[in-house]
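Reader: Before I look at the model, could you show me how to read its features one after another, giving the general idea and then the case in hand?

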Amino acid sequence: MIFSTLGRLGNRVLHSFIVTAIIIFIIILLTVIFIRVFLNENIQGQRSLDSIDETATQIYEAVNDQIMGQRGYSITNDESFLDTYYTGVEDFNEKSVELKKAVEDFPVLKNQTEEFLEAGQYILDSFIHPYIEMQKNGQAINRETLQKSEKAVDEFRSIYADYYTLIEKNNGQKHDAI
């Protein structure tokens, strides 16, 4: 056989080569496994952040729906516009709970999430709902109150933009690092 023709030195070189090849193969295999595990953790973190981003966008849209429903009702006095308002309120409440759960694993997002949700709730409680009640009672909305509501809406939009930026900044980082 081949082993007998290689001689003593040849057999040692062959055995060294085989052992080295096995060690290199094991190192490559372990490296691939480690990279795969690391990528899976990172992908899970990104998926969670994408879900948070999507839910925050749905909350933003729910607040806008409430505003549009209230404005449509105020302008036309047509109660069919209130369907959009009620849908927005329902979506806001449902998605707020979802968002709070989703950010539990992301401590860096908790404070900004609370600020974002409080700003949306403030608009609903302080302006949109009272405006609808005023309209139903035949009362007019004064200019000062409208200016305050516009300022609150602008602030809400700014908070959403900052929140979105924070999510994007943290996207791509390892899940545990956030």
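Author: What follows is a dialogue on the core, the aromatic pairs, the salt bridges and the largest pocket of this model, which is predicted.

Reader: Let us begin with the interior. Which residues of the largest nonpolar core touch the most other members?

Author: In soluble globular proteins, nonpolar side chains tend to be buried together. Here the largest nonpolar core holds 34 residues, and those that touch the most other members are Ile52, Leu99, Leu109, Phe116 and Tyr163. Two or more residues of this core come from each of α1, α2 (82-102), α3 and α4, and the largest share, 10 residues, is given by α3.

Reader: How many aromatic pairs are there, and how should I read the geometry of one of them?

Author: The count is 9 aromatic pairs. Take phenylalanine 116 and tyrosine 160, whose ring centres are 5.8 Å apart and whose planes stand at 35°; planes under 30 degrees apart would count as stacked and those over 60 as edge-to-face, so this pair is tilted. Phenylalanine 116 belongs to helix α3 (residues 107-136) and tyrosine 160 to helix α4 (residues 143-170), so their pairing ties together parts that are 44 residues apart in sequence.

Reader: Are phenylalanine 116 and tyrosine 160 buried or exposed, and which residues form an aromatic cluster?

Author: Phenylalanine 116 and tyrosine 160 are both buried. They also belong to one aromatic cluster, which is formed by Tyr60, Phe116, Phe156, Tyr160, Tyr163 and Tyr164.

Reader: Turning to charged side chains, how many salt bridges are there, and with which residue does arginine 71 form one?

Author: There are 4 salt bridges by the rule applied. Arginine 71 forms one with glutamate 150, and the closest N and O atoms of the two are 2.2 Å apart. Since arginine 71 lies in helix α1 and glutamate 150 in helix α4, the pair ties together parts that are 79 residues apart in sequence. Arginine 71 is partly exposed, with a relative accessible area of 32%, and glutamate 150 is likewise partly exposed, at 33%.

Reader: Where do lysine 148 and glutamate 144 lie?

Author: Both lysine 148 and glutamate 144 are in helix α4, 4 residues apart, which is about one turn of the helix. Their side chains meet in a salt bridge at 3.7 Å, N to O. With a relative accessibility of 48%, lysine 148 counts as partly exposed, whereas glutamate 144, at 51%, counts as exposed, because the cut-off for that label is over 50%.

Reader: Which residues are joined into one network by salt bridges that share partners?

Author: That network joins Glu94, Lys95 and Glu98. Within it, the side chains of lysine 95 and glutamate 94 meet at 4.0 Å, N to O. Lysine 95 is buried, with a relative accessible area of 15%, while glutamate 94 is partly exposed at 42%.

Reader: Finally, what volume does the largest pocket have, and which residues lie nearest its centre?

Author: Rolling a probe the size of a water molecule over the atoms shows where empty space is left. In this model the largest pocket has a volume of about 180 Å³. Its lining is made of 14 residues, among which Gln70, Arg71, Tyr131, Leu146 and Ser149 lie nearest the centre. The lining divides into 9 nonpolar, 3 polar and 2 charged residues. Helices α1 (2-76), α3 and α4 each supply at least two of the lining residues, and α1 gives the most, with 5. Arg71, one of the residues nearest the centre of the pocket, is also the arginine that forms the salt bridge with glutamate 150.

Terms used
Residues are numbered from 1 along each chain as its sequence is written. This is a predicted model: local features need pLDDT of at least 70, side-chain atom pairs count only at pLDDT 80 or more; totals for chains, interfaces and linings use all residues. Side-chain values use heavy atoms; hydrogens and water are left out. Rings of Phe, Tyr and Trp (its six-membered ring) pair if their centres lie within 6.5 Å; planes under 30 degrees apart count as stacked, over 60 as edge-to-face and the rest as tilted. Buried means under 20% relative accessible area, exposed over 50%, partly exposed in between (1.4 Å probe, protein chains only). On a 1 Å grid over the protein atoms alone, a cavity is a set of points where a 1.4 Å probe fits but cannot get out, and a pocket is an open set with protein on both sides within 12 Å along at least five of seven lines; lining residues have an atom within 4 Å of a point. Grid points are joined across faces, edges and corners, and a volume is the space filled by probe spheres set on the points. Ala, Val, Leu, Ile, Met, Phe, Trp, Tyr, Cys and Pro count as nonpolar, Asp, Glu, Lys and Arg as charged, and the others, Gly among them, as polar. A nonpolar core is a set of buried Ala, Val, Leu, Ile, Met, Phe, Trp, Tyr and Cys residues joined through side-chain atoms within 4.5 Å.
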